[in-house]
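Got your viewer open? Here's a short walk through the model, one selection at a time.

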Amino acid sequence: MDRLAIVVPCYNEKEVIKISSEALRQVLADLVAKGKIAEDSYVLFVDDGSKDNTWELIRAEYEKYPQIKGLKLAGNVGHQFALTAGLLTAKDYSDVTVSIDADLQDDTAVIEEMIDKFHEGCEIVYGVRNDRSSDSFFKRTTAQGFYKVMAAMGVKTVYNHADFRLMSKKALVEFAKYKESNLFLRGLVPLIGFQTGQVFYERKERVAGESKYPLKKMLALAFNGISSFSVKPIDFIATIGGVITFLSIIAAIYAFISYFTGNVTEGWTSLILSIWFLGGVQLLSVGLIGKYIGKIYLEVKQRPRYHIETFLNER
């Protein structure tokens, strides 16, 4: 029988730890009763350097329930690194993992479908939202635009999929070979290959607390996803540079013709606008290229992506 680990990254989630623990323990109990997973399956909460008493609550659940384990990181490293820490830790103690956020907006009921697809031969199963009606117009529009931009950039992602997924031990062994510091799991996991499947669900409201992914973080994640998997933005800059150079040549020819024909009109406004436009394009181009150079800088240092302070595993 396969041992399941449900990996739950947490950051300042004191309002939902007990609720998540109860709900996920019930999921394990149901799957064990149906003979689909081993009795020693567990939930692994990963504390991403929370500033509240999230870790104390995780420890309390660990001491009370044998199905709960805890992993405390030595500082806040971000959702993607925290999730990676949980997955790579669980890899050594389980046969299959499911990652889910602590807010339980992802439907725990479809975890059974994921396990069924795993038993059918899928090494990776994606949880995919089938409805975004609960999102605001702004969030729905920007999310759909993000996936379209990613597709246009040539990045392989699963539409309407976040980080709710099943990965087998075999898939995690391959995932562990990716050592990059600029993590974007939604684009990285599809690179692994293997047989995959999808389950569809309707995303719920948070059971408690507030979202830990404000607009600023979502935009940063989106840019990280694009810049980590595609150089097309730099190609786009080169294209703009070529177009502007071509237009400049035409403008120069026009200026010479006007000069020699005596049809010269002095235009302070057009000159200033041209300077501002070209200056803005140059600054934008240098800034974008600088972002890529910064990513190279982070990668070549090969610093550890996270440090584990405590692992609550032994009984």
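What span should the 17 residues of helix 1 (residues 17–33) have at 1.5 Å a residue, and how far apart are its end C-alpha atoms? Select the helix and check: the expected span is 24 Å, and the end C-alpha atoms are 24 Å apart, which agrees. Keep in mind as you go that this is a predicted model.

Stay on helix 1 and colour its buried residues: Ile17, Ser20, Ser21, Leu24, Arg25, Val27, Leu28 and Leu31. They cover an arc of only 155 degrees around the axis, so they end up on the same side of helix 1. The background is simple: an α-helix has 3.6 residues a turn, so residues three or four places apart point the same way. Now flip to the face turned away from the buried side, where you'll find the exposed residues Lys18, Glu22 and Ala33.

What does the buried side pack against? Show strand 1 (4–10), strand 2 (42–47), helix 2 (54–64), strand 3 (68–73) and helix 4 (111–119), since the buried residues of helix 1 pack against these elements. While you're here, zoom in on Arg25: its charged end sits over the ring of Tyr65, 3.4 Å from the ring centre. For another charge over a ring, pick Lys69, which lies over the face of Tyr42 at 5.2 Å from the ring centre. Then step just past the end of helix 1 to Gly35, which takes a positive phi of about 75 degrees.

Next stop, strand 4 (residues 96–99). Val96 and Val98 point one way, Thr97 and Ser99 the other, and all are buried. Add strand 1, which pairs with strand 4 in the parallel sense over four bridges; Ala5 stands opposite Thr97. Then add strand 6 (residues 161–168): it runs antiparallel to strand 4, and four bridges join the two. Val96 has Ser168 as its bridge partner there.

Now for the rings. The structure holds two aromatic pairs. One of them is Phe164 with Tyr201, edge-to-face, at 5.3 Å centre to centre and 85 degrees between the planes. The pair links distant parts of the chain, with Phe164 in strand 6 and Tyr201 in strand 7 (residues 196–201), 37 residues apart. Both Phe164 and Tyr201 are buried.

Last selection: Asp131, in the loop between strand 5 (124–129) and helix 5 (137–152). Is Asp131 buried or partly exposed? Partly exposed, with a relative accessible area of 29%. Leaving aside neighbours within four places in sequence, Asp131 is in contact with Tyr201 and Glu202. The C-alpha atoms of Asp131 and Tyr201 are separated by 7.8 Å, although the two residues are 70 apart along the chain.

Definitions and conventions. Residues are numbered from 1 along each chain as its sequence is written. This is a predicted model: local features need pLDDT of at least 70, side-chain atom pairs count only at pLDDT 80 or more; totals for chains, interfaces and linings use all residues. Side-chain values use heavy atoms; hydrogens and water are left out. The expected span of a helix is 1.5 Å times one less than its number of residues. Buried means under 20% relative accessible area, exposed over 50%, partly exposed in between (1.4 Å probe, protein chains only). The arc is that of the directions from the helix axis to the C-beta atoms. Contact means heavy atoms within 4.5 Å. Two strands pair if DSSP finds at least two bridges between them. Rings of Phe, Tyr and Trp (its six-membered ring) pair if their centres lie within 6.5 Å; planes under 30 degrees apart count as stacked, over 60 as edge-to-face and the rest as tilted. A charge sits over a ring if NZ of Lys or CZ of Arg is within 6 Å of the ring centre and within 35 degrees of the ring normal.
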